[in-house]
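Reader: I would like to learn how to read helices and their packing in a model. Please take me through one.

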Amino acid sequence: MTLTLSAFADEAADAGDAQIAALQRAGIGHIDLRSVAGVNICDLPVEDANALKAQLDNAGIRVGMYGSPIGKTDLDDDLQIELDRLDHLAQLQEVFEANAVRMFSFYDKSQRETSERERLTLDRLAALRGRASVLGLKLYHENETDVFGDHPDDVLKLAALRDDASFGLIYDFANYLRTGAEPMATWKQLGPVTDALHFKDQTRSGDHVPMGQGDTCCPAILAQAVASGWSGPCTLEPHLYMSEAVRATNVHGQGDPALAKLSRGDIFQVAAEAVQALIAEAGRRAE
């Protein structure tokens, strides 16, 4: 049996053709489109999308999910901006033939009371889910640090929005560890409501590492998921190349010195081989 594995290939390279080459080298047949040549997927012009689709088709690579930043904004920001982003992704859906959208559940600079923050967050997510449903898109919420849905208890509240057509939940291994949540207890809570996995590992001291080398208990969790018959989209998000975005989430501001000697593409390859080995150890094959 197989698990469908995709990847944020913009961690391997900026240009679309170089991202494709990295995926081919790694033997990964899907891509989660986040940025191409420095342009976020929510801003990618349709004509550029058409050109990229031709390259992907030629390489035999399909789009798994759009790595959008929707919801990585503040509760006081205009929601129409996020709705407009969904509208643009609906145009790209016609190009890439993929409807899955990664998103988040808002920051709160005003530091509202917990109940008020929860109410406003759920209202906004319901509005986004409603628009997604009309557009034929499915939202997948990622547990990003400091958004409402970062801690397992709050993610359980978001689970009320789940449905097969328009809203699901991503389990990001490293991001839960960063909240201080215990990995196995977190999976026990959230495994039944998990619709997708983000393969990103980290140590308790805050360093990103290849899958299976950190403290997220990912080998045991994946083995349990497979044994229970879990299936869903799986995405490699290495966070091993020290870009500015990765540096911001890495406590020490630097990665493994051995990896630092490698090229960006080689670091991505290390990450790919680690996650493929992890999937194999769990008794599945990555496709």
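Author: Start with length: helix α11, residues 264–281, has 18 residues and should span 26 Å at 1.5 Å a residue, the expected span being 1.5 Å times one less than the number of residues. Its end C-alpha atoms lie 26 Å apart, which agrees. Helices here are DSSP runs (H or I, at least four residues), numbered from the N terminus. This is a predicted model, where local features need pLDDT of at least 70, side-chain atom pairs count only at pLDDT 80 or more, and totals for chains, interfaces and linings use all residues. Residues are numbered from 1 along each chain as its sequence is written, and side-chain values use heavy atoms, without hydrogens and water.

Reader: Which residues of α11 are buried?

Author: An α-helix has 3.6 residues a turn, so residues three or four places apart point the same way. In α11, the buried residues (under 20% relative accessible area, 1.4 Å probe, protein chains only) include Phe268, Ala271, Ala272, Val275 and Ile279. After α11 comes Gly283, with a positive phi near 90 degrees.

Reader: At what angle do α1 and α11 pack?

Author: Axes are lines fitted to C-alpha atoms over the stretch in contact, and angles run from 0 to 180 degrees between N-to-C directions. Helix α1 (residues 16–26) packs on α11 at about 40 degrees, with the axes 10 Å apart. That makes the pair oblique, a class for angles outside the ranges under 35, over 145 and 65 to 115 degrees.

Reader: Which residues of α1 meet α11?

Author: With contact meaning heavy atoms within 4.5 Å, Ala22, Leu23, Arg25 and Ala26 of α1 meet α11 residues including Phe268 and Ala272.

Notes:
Helix = DSSP H or I, 4+ residues; strand = E, 2+ residues; numbered from the N terminus. Buried < 20%, exposed > 50% of the residue type's maximum accessible area, 1.4 Å probe, protein only.
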